[in-house]
Each structure stands twice: as structure tokens, then as C-alpha cells.
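Subject: Structure handover

Hello,

Here is the structure for you to load. My notes on what turned up follow below it.

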Amino acid sequence: MRAAFVGLVGALACVTTIAIHAQNTVAFFASVVDDKGAPVTTLAPEDFKVAENGVEGKVAKIEPIDWPVKVQLLIDNGTGMETALVQIRNGVKGFVEALPDGIEMSLITTAPQPRYIVRPTMDKQAVIQGADRIAPDSGSARFVEALNEAAARVDKEKGNYFPVVVILGSTTADGSSYQERDVQRMLQRFSDRAASVHVVMLSTSGRSASAANQSAVGEAVAKATAGRYDNIAASTRVATLLPEIGVQVAKSHVRQSRQFRITFQRPGSASGPLGQVGVATRTGWTPTLTINGRLP
């Protein structure tokens with residue numbers, strides 16, 4: 001016998017960013033665990049109740065989501081990073097080793113312009129070997145340009161997946177040429193595809209006047225995508241921090257691949273901006289709700 005429902009929990013408060021258009025159906029994502037913290041692997045419409053502004057709607061469809069994660073790793077190899085080369089290579093290797101098999105990855109350096117060291121592949125060993133091909137360059141890295149290109153690749157690729165971008169930058173001069181609208185377009189592209197962007201900024205002796213702008217862009221992108229932003233002073237930290245981020249990405253991959261997309265019909269003739277949404281589940285179950293499925 002099905003357990004009793006608990007009260008409305010896990011509210012998606014005042015979600016006004018969903019495009020409602022003319023229909024009165026809305027979709028969101030749910031990650032559900034039981035009372036022991038184990039993921040719930042099957043879910044039926046009768047396992048969920050959804051209400052808007054306290055009025056119950058109808059759960060029309062529940063679909064399991066098993067979208068892959070695809071990772072772009074962007075590395076500053078420009079001026080000021082020569083002394084950090086060993087730490088960078090070791091950090092990249094540790095990052096890759098922290099990820100489970102079957103995740104597509106690419107490795108890109110950002111000086112003198114963004115360019116592939118390893119093109120997208122699921123071969124972890126190929127990416128680990130690629131780390132040894134990261135070479136210092138006398139030119140300035142292109143931090144913002146690299147992020148813009150990463151966003152363009154995310155925007156262009158078809159199919160359902162969770163994009164992850166990890167970028168290592170520095171406080172030396174940024175060789176990128178960009179305008180504010182370029183940054184806004186980048187942020188929109190990442191947002192549209194539910195990408196997570198993690199930024200590591202290494203303070204170097206060649207700190208430039210553009211460092212504040214680079215840091216501001218990096219911090220803004222990380223915040224907008226629910227990623228992490230780390231500003232570090234010692235190059236030795238790169239070797240341990242990148243693997244830590246790899247562990248975080250691996251955990252996110254597990255959580256994101258055990259979700260459900262729930263479509264519900266809004267109560268009555270509700271239309272326009274979505275109001276307060278809440279769900280009720282079986283007793284002992286705990287749902288985590290998102291609009292886009294991103295669980296960094």
C-alpha cells in the first residue's frame with residue numbers, strides 16, 4: 001500500500017522564468033531520495049502531487065532522465081604560468097582521474113588563442129596523456145574569448161546533456177578582445193543549456209590592469225551557472241584543487257543522471273507567470289526540484 005503523502009515541500013518559489021505561452025502545462029526536474037538517502041529509481045504519477053499557489057494540478061507525465069555530462073577543460077598556458085607547468089599538468093591528470101569512465105572530455109589551452117590539445121573523447125587515458133602536451137606560451141591567454149568559444153560549442157551541440165566547463169585562468173593580461181554584449185551572450189548561452197562553469201583564478205607576479213575584469217567575468221559566470229569560483233595565490237594549489245573539482249563534477253554527474261522530468265497541468269485555467277509551486281511525495285522521500293536539472 002502506498003504511504004501517505006507528506007505536506008507540500010521543496011517549493012520552486014515564484015518561478016517566473018518558465019515560458020508558459022498559451023498552454024497550461026509546466027515541466028520541472030526532480031531528484032528524489034528515500035529515508036536512507038538512496039536515490040529513488042522509479043517514479044509514477046501517483047507518487048507525486050503538485051500544487052500551484054496551494055491548488056492541486058495534475059501530474060501528466062514522469063520521464064526518467066539519464067543525460068550524459070560533457071566536460072570542457074580550459075587551461076591558461078600563457079605568460080606568467082611557466083613556473084606552474086608541473087602543477088598544472090598534475091592537476092589536469094588528477095581532475096581526469098576523478099571522473100568516472102564514459103564521460104566525454106576535451107582539453108583546450110588558451111594561449112596564444114584557444115586551441116585543442118585533446119578533442120572531445122571518452123578516452124580518459126588520451127586526456128591524461130594530453131596533459132603532458134600542455135606547453136607554456138609567451139603570449140597572453142585569452143580568458144574571456146575561451147569562455148565565449150566554450151559557450152558557443154555548448155550552444156551549437158544538439159541533444160540533451162549537462163555541459164560542464166572548468167577554466168584555469170590567471171591575473172596576467174587577457175588577450176581577449178570583447179565587449180559587454182559578448183559576456184551577456186555567453187551567460188545566456190550557458191543558462192539556456194543548464195551549463196555549470198567552475199573557475200579557478202591564479203594570482204601571478206605579472207598581474208595586469210585587466211586582471212580585475214577577468215576576475216569579475218569569471219566570478220559572474222560561476223555565480224550565474226551555480227558553479228564554484230576559486231581565487232588562489234599559490235601554483236601548488238592547482239595540483240590539488242583541480243582534482244577536487246573533478247570529484248565534485250563526478251558527484252554531480254551521479255545526481256543529475258538519476259532524475260525525473262515531471263510535467264504537470266496547472267490547476268483550473270491558470271495561465272501567465274507561474275506562481276508558488278510545491279510538491280508532496282511519499283512519506284520518507286525527499287525531492288530536490290530544479291527548472292533545468294542542473295545539480296552542481
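Helices and strands here are DSSP runs, with at least four residues (H or I) for a helix and at least two (E) for a strand, numbered from the N terminus. On that basis, G102 sits in the loop between α1 (85-98) and β7 (104-109). Please note that this is a predicted model.

G102 first. Is G102 buried, partly exposed or exposed? Its relative accessibility is 43%, so G102 counts as partly exposed; the partly exposed class runs between 20% and 50%. P68 is 34 residues away from G102 along the chain, yet the C-alpha atoms of the two are separated by 8.7 Å.

Next, the sheets.

One open sheet has 6 strands. Their order is β8-β7-β6-β9-β10-β11, and the pairing is mixed. Which strands form its edges? They are β8 (115-121) and β11 (229-232), each of which pairs on one side only. Neighbouring strands in this sheet are turned by 10° against each other on average, with direction ignored. Inside the sheet, β6 and β9 run parallel and are joined by 7 bridges. Q72 has V165 in β9 as its bridge partner.

Another open sheet is formed by 4 strands, in the order β5-β12-β2-β14. Here the pairing is antiparallel. β5 (58-65) and β14 (286-290) are at the edges; each has a single partner strand, so one side of each is left without a neighbour in the sheet. The twist from one strand to the next averages 30°. The partner of β14 is β2 (residues 25-33), and the antiparallel pair is held over 5 bridges. For S31, the bridge partner in β14 is T288.

Now the core. In soluble globular proteins, nonpolar side chains tend to be buried together. The largest nonpolar core in this model has 36 residues. Four of them touch the most other members: V71, I88, V92 and F95. Two or more residues each come from β6 (69-75), α1, β7, α2 (124-131), β9, β10 and α6. Which element gives the most? That is α6, with 6 residues.

Then the empty space. Rolling a probe the size of a water molecule over the atoms shows where such space is left.

How many cavities of 30 Å³ or more are there? The count comes to 1. About 60 Å³ of space lies in the largest cavity. Its lining is made up of F162, P163, V164, S196, H198, Q248, V249, S252, Q256 and P296. The elements giving two or more residues to that lining are β9 (162-170), β10 (196-202) and α6 (236-256). The largest share, 4 residues, comes from α6. By class, the cavity lining divides into 5 nonpolar and 5 polar residues, with no charged ones.

The second largest pocket has a volume of about 190 Å³. It is lined by 13 residues. Nearest its centre lie Q72, E104, S106, P120 and E157. At least two lining residues are supplied by each of β6, β7, β8 and α3 (143-156). The lining of this pocket has 7 nonpolar, 2 polar and 4 charged residues.

Q72 thus appears in two places: as the bridge partner of V165, and among the residues nearest the centre of the second largest pocket. Likewise α6 comes up twice: it gives the most to the largest nonpolar core, and the largest share of the cavity lining.

Best regards

Methods: Residues are numbered from 1 along each chain as its sequence is written. This is a predicted model: local features need pLDDT of at least 70, side-chain atom pairs count only at pLDDT 80 or more; totals for chains, interfaces and linings use all residues. Side-chain values use heavy atoms; hydrogens and water are left out. On a 1 Å grid over the protein atoms alone, a cavity is a set of points where a 1.4 Å probe fits but cannot get out, and a pocket is an open set with protein on both sides within 12 Å along at least five of seven lines; lining residues have an atom within 4 Å of a point. Grid points are joined across faces, edges and corners, and a volume is the space filled by probe spheres set on the points. Ala, Val, Leu, Ile, Met, Phe, Trp, Tyr, Cys and Pro count as nonpolar, Asp, Glu, Lys and Arg as charged, and the others, Gly among them, as polar. Buried means under 20% relative accessible area, exposed over 50%, partly exposed in between (1.4 Å probe, protein chains only). Two strands pair if DSSP finds at least two bridges between them. Axes are lines fitted to C-alpha atoms, for helices over the stretch in contact, and angles run from 0 to 180 degrees between N-to-C directions. A nonpolar core is a set of buried Ala, Val, Leu, Ile, Met, Phe, Trp, Tyr and Cys residues joined through side-chain atoms within 4.5 Å.
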